[in-house]
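The following exercises concern the reading of a protein model. Please examine the sequence and the coordinates before attempting them.

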Amino acid sequence: MYIEKVNLENFRNYESQEINFINGINLFVGNNAQGKTNIIESIYVSAFGKSYRASKDMELINFNKDFFRINLNYKKNNINSKIEIFVDKNNRKSIKENGVKISKIADHVGSLLVIIFSPDSLDIVKGSPSKRRNFIDVICSQLSKSYLIAYQEYMKCLKLKNAMLKKDIVDKDYIYILHEKMSEDIYKIVRSRNDIINKLLKKSKIIQSNLTNNEEDIDLIYQTDFLNKSKDEIKMYLDEHLYIDILRKSSVKGIQRDDLLININGEDVSKYGSQGQKRTALLTLKLANFEVFIDEKDDIPILLLDDIMSELDSKRISFLLKYIENYQSIITTTDASFVKDVKNIVISSVKCGKVE
Ligand SMILES: Nc1ncnc2c1ncn2[C@@H]1O[C@H](COP(=O)(O)OP(=O)(O)OP(=O)(O)O)[C@@H](O)[C@H]1O
Ligand SMILES: [Mg+2]
């Protein structure tokens with residue numbers, strides 16, 4: 001799959017901009033604060049219906065305007081498709097796929113398959129467990145609509161449960177009923193997370209050893225209380241821990257506590273890895289994500305690489321450029337000096353919300 005064209009209207013610092021893409025490397029070069037990341041963000045918004053770096057949709061509207069609109073044209077298996085995202089100052093929002101309005105976001109996520117890699121992605125390796133869960137959840141959601149629905153329903157129940165736990169008198173029967181539904185969602189979510197982690201692991205082993213001349217072995221270990229438990233056992237487990245939930249006034253058990261341990265040569269990379277090892281592990285995970293999508297979706301995802309070249313050494317950069325030369329990527333940078341002998345590339349400059 002590849003993006004042919006994006007039209008931005010009043011999106012961030014773009015008032016009216018058409019951007020054309022090749023099915024290869026699209027490099028956007030410019031100084032700081034010119035609008036490079038905004039291009040990446042607009043594509044992300046088209047894929048997920050929301051931004052990864054704005055807490056409210058309205059932040060995406062140009063300061064002087066009342067709405068923004070993104071029109072994105074892409075080709076999937078040689079068929080032309082279109083996504084339109086619209087948000088106005090009154091928080092009216094619409095997402096359309098080929099002219100048809102989408103009412104549930106789960107019906108849209110996964111249509112335009114993207115993988116984002118930015119300096120913030122390093123949090124996957126060194127940040128809190130929530131960043132690693134999010135990494136896995138985004139992959140699972142792009143691969144399966146039913147995953148995203150189970151996840152959303154679980155989070156709704158969790159919110160209800162936590163609200164009840166904050167009350168002076170807790171209605172236990174109400175929580176037992178919530179546990180009924182939550183255990184079904186947990187069962188689904190844990191199986192999917194485990195399956196994807198195993199698939200990522202297989203790919204990661206090969207990529208990591210290629211990246212490090214066989215010096216580093218990577219391991220991914222899924223940490224959860226629920227693996228190999230039946231739905232009934234999960235329900236029982238939640239019920240058994242309710243007295244601690246009540247004491248602490250919050251839910252102590254659940255998939256919101258899962259984590260993914262990333263080991264390099266047997267050691268936890270978040271604790272013992274060097275900066276370079278963390279970056280390498282992250283590059284491995286992102287490329288493993290890329291390969292898992294190709295296997296599972298039978299389609300090639302689009303790589304969004306925001307300002308990461310400055311974070312990688314020359315060896316990792318050549319590896320990455322070689323790796324991506326036959327796919328579509330959208331890369332931003334302040335310094336294009338890493339581009340030497342690269343095929344299938346178009347370089348555009350970005351200045352004050354204009355692309356040339
Ligand atoms: N809603 C908005 N309306 C108008 N301008 C905005 C809005 N939101 C952000 N901007 C502006 O967009 C500009 C460019 O942002 P962007 O993050 O794309 O820069 P960049 O080119 O990626 O820079 P850097 O190299 O520092 O990462 C910023 O100067 C910011 O003030
Ligand atoms: Mg930027």
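Five exercises follow, each with a worked solution.

The model is predicted: local features need pLDDT of at least 70, side-chain atom pairs count only at pLDDT 80 or more, and totals for chains, interfaces and linings use all residues. Residues are numbered from 1 along each chain as its sequence is written, while chains are lettered from A and ligands numbered from 1 in the order in which they are written.

**Exercise 1. The shell of ligand 1**

Task: State how many residues surround ligand 1 and divide this shell by class.

Solution. Step 1: apply the criterion that a residue is near a molecule if its C-beta atom, placed from the backbone, lies within 6 Å of it. Ligand 1 is then surrounded by 16 residues, the closest being Asn32, Ala33, Lys36, Thr37 and Asn38. Step 2: count Ala, Val, Leu, Ile, Met, Phe, Trp, Tyr, Cys and Pro as nonpolar, Asp, Glu, Lys and Arg as charged, and the others, Gly among them, as polar. The shell comprises 9 polar, 4 charged and 3 nonpolar residues.

**Exercise 2. Thr332 and Ser314**

Task: Determine whether Thr332 is buried or exposed, and whether Ser314 is buried or exposed.

Solution. Step 1: locate the residues in helices (H or I, at least four residues) and strands (E, at least two), which are DSSP runs numbered from the N terminus. Thr332 belongs to strand E13 (residues 329-333), and Ser314 to helix H10 (residues 314-324). Step 2: use the cut-offs, by which a residue is buried if 20 or more other C-beta atoms lie within 10 Å of its own, exposed if 12 or fewer, and partly exposed in between, with C-beta atoms placed from the backbone. Thr332 has 24 other C-beta atoms within 10 Å and is therefore buried. Ser314 has 10 other C-beta atoms within 10 Å and is therefore exposed. Step 3: list the contacts of Thr332, two residues being in contact if their C-beta atoms, placed from the backbone, lie within 7 Å. Leaving aside residues up to four places away in sequence, Thr332 touches Phe28, Lys36, Thr37, Ile40, Asp306 and Asp307.

**Exercise 3. The sheet E9-E10-E11**

Task: Establish which strands stand at the edges of this sheet and how the side chains of E10 are arranged.

Solution. Step 1: three strands form an open antiparallel sheet in the order E9-E10-E11, where two strands pair if DSSP finds at least two bridges between them. Strand E9 (218-223) and strand E11 (267-268) are at the edges; each has a single partner strand, so one side of each lacks a neighbour in the sheet. Step 2: E9 and E10 pair over 6 bridges, with Asp219 opposite Asn263. E10 and E11 pair over 2 bridges, and here Asn263 faces Asp268 and Ile264 faces Glu267. The hairpin joining E10 and E11 has 2 residues between the strands, and Asn265 in the turn has a positive phi of about 45°. Step 3: side chains alternate along E10, where Leu260, Ile262 and Ile264 point to one face and are buried, whereas Asp259, Leu261 and Asn263 point to the other and are not.

**Exercise 4. Helices H3 and H4**

Task: Compare the span of each helix with its expected value, and identify what covers its buried residues.

Solution. Step 1: the expected span is 1.5 Å times one less than the number of residues. Helix H3 (residues 129-143) has 15 residues and reaches 21 Å from its first C-alpha to its last, close to the expected 21 Å. H4 has 21 residues and should span 30 Å; its end C-alpha atoms are 30 Å apart, which agrees. Step 2: the buried residues of H3 include Phe135, Ile136, Ile139 and Cys140, and those of H4 include Tyr147, Tyr151 and Tyr154. Step 3: the cover of H3 includes helix H4 (145-165) and helix H5 (172-211), and that of H4 includes H3 and H5.

**Exercise 5. Strands E4, E5 and E6**

Task: Describe how E5 pairs with E4 and with E6.

Solution. Step 1: strand E4 (residues 67-76) and strand E5 (residues 79-88) pair in the antiparallel sense over 10 bridges, and Leu72 stands opposite Ile83. Their hairpin has 2 residues between the strands, with Asn77 in the turn at a positive phi of about 45°. Step 2: E5 and strand E6 (residues 93-97) form an antiparallel pair over 5 bridges, and Ile83 stands opposite Glu97. This hairpin has 4 residues between the strands, and Asn91 takes a positive phi near 65°.
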